[in-house]
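User: Please examine the structure shown below. I would like to discuss its pocket and its nonpolar cores.

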Amino acid sequence: MSNLIITQGDITTFSGDAIVNAANPSLLGGGGVDGAIHRAAGPELVKECATLGGCETGNAKITKGYNLKAKFVIHTVGPIYSSKHSDECKLLLESCYKKSLELAEQNNCKSIAFPLISAGVYGYPKKEALEVAIDMIRNYGKNLEVQIILFDKEICKIAQKNFKDYWK
Ligand code: ADP
C-alpha cells in the first residue's frame with residue numbers, strides 16, 4: 001500500500017488537513033488553481049495572505065483554510081518554466097514539494113493534497129512535473145497521506161499511462 005494516490009478532481013473540495021496552492025510571489029491570488037482556492041476559501045484568505053510579505057519561488061507559506069474543508073492552505077510558488085534553465089527549474093520545483101511537505105508535518109497534518117504545481121500557466125512539461133511530484137512525495141512525505149489531484153484531462157491521461165500504480 002502506498003501513501004500516495006493520483007486522482008482527477010477539484011482540489012478545493014478536498015476534506016483533509018491541508019491543500020497546496022500553486023500561488024504567485026505576491027500571494028494575493030491569481031488565475032488557475034490559485035483563483036479557485038481563493039474563491040472557495042472566501043475573502044478572509046487573501047487578508048491573511050496579505051500579512052505574509054509574499055513568497056519566493058521554491059518556498060512555501062501556510063495559512064488557515066477558512067471556508068474550505070481543509071484546515072490549512074500551503075501556498076507555494078513554482079518556477080516559470082524555461083527550457084534554457086531546466087535544471088534550475090527542477091530544483092525550484094523540488095523545493096516547492098519539500099517545503100510544503102515540511103510545513104504540513106510541522107503543523108501536525110496527516111493528509112495533504114497537491115495540484116500539479118507549475119504545470120498550468122507556468123508551463124512546466126507535464127510528465128516531468130508529475131515525475132518531480134512523485135519523487136519528492138515519496139522521499140519527503142512518508143508520514144503523510146498524500147493525494148495529487150489533477151484537473152486537466154491531458155495530464156490525467158499522462159498519469160494513467162505512466163504512473164498507473166498510483167492512479168485511482
Ligand atoms: P501554475 O501557475 O503553477 O502553472 P496553474 O494554476 O496555472 O498554476 O496550474 C497548475 C495546475 O493546477 C494545472 O495543471 C491546472 O490544470 C490545475 N488546476 C486548475 N484548477 C484546479 C483545481 N480546482 N483543482 C486542482 N487542480 C487545478
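**Pocket and cores**

User: Which element supplies the largest share of the lining of the largest pocket?

Analyst: In this predicted model, the lining of the largest pocket receives at least two residues from each of α1 (32–41) and β6 (145–150). The largest share, four residues, comes from α1.

User: How many residues of that lining are nonpolar, and how many are polar or charged?

Analyst: The pocket holds about 600 Å³ of space. Its lining comprises 27 residues, with Ala22, Gly32, Val33, Leu116 and Gly120 nearest the centre. By class, the lining residues divide into three charged, nine polar and 15 nonpolar.

User: Is His38 buried or exposed?

Analyst: His38 is located in helix α1. Beyond residues up to four places away in sequence, His38 is in contact with Asn21, Leu27, Gly29, Leu45, Val46 and Cys49. Its relative accessible area is 14%, and because the cut-off for burial is under 20%, His38 is buried.

User: Which residues have the most contacts inside the largest nonpolar core?

Analyst: Elements giving two or more residues to this core include β1 (4–8), α3 (86–106) and β5 (111–114). Ile112 touches, among others further than four places away in sequence, Phe14, Val20, Ile74 and Leu101. Within the 38 residues of the core, those with the most contacts are Ile6, Tyr97, Ile112, Phe114 and Leu116.

User: How many residues does the second, separate core have?

Analyst: Among the members of this second core are Ile37, Leu45, Cys49 and Val73. Leu45 and Cys49 are also contacts of His38. The size of the second core is 16 residues.

Technical notes: Residues are numbered from 1 along each chain as its sequence is written. This is a predicted model: local features need pLDDT of at least 70, side-chain atom pairs count only at pLDDT 80 or more; totals for chains, interfaces and linings use all residues. Side-chain values use heavy atoms; hydrogens and water are left out. On a 1 Å grid over the protein atoms alone, a cavity is a set of points where a 1.4 Å probe fits but cannot get out, and a pocket is an open set with protein on both sides within 12 Å along at least five of seven lines; lining residues have an atom within 4 Å of a point. Grid points are joined across faces, edges and corners, and a volume is the space filled by probe spheres set on the points. Ala, Val, Leu, Ile, Met, Phe, Trp, Tyr, Cys and Pro count as nonpolar, Asp, Glu, Lys and Arg as charged, and the others, Gly among them, as polar. A nonpolar core is a set of buried Ala, Val, Leu, Ile, Met, Phe, Trp, Tyr and Cys residues joined through side-chain atoms within 4.5 Å. Buried means under 20% relative accessible area, exposed over 50%, partly exposed in between (1.4 Å probe, protein chains only). Contact means heavy atoms within 4.5 Å.
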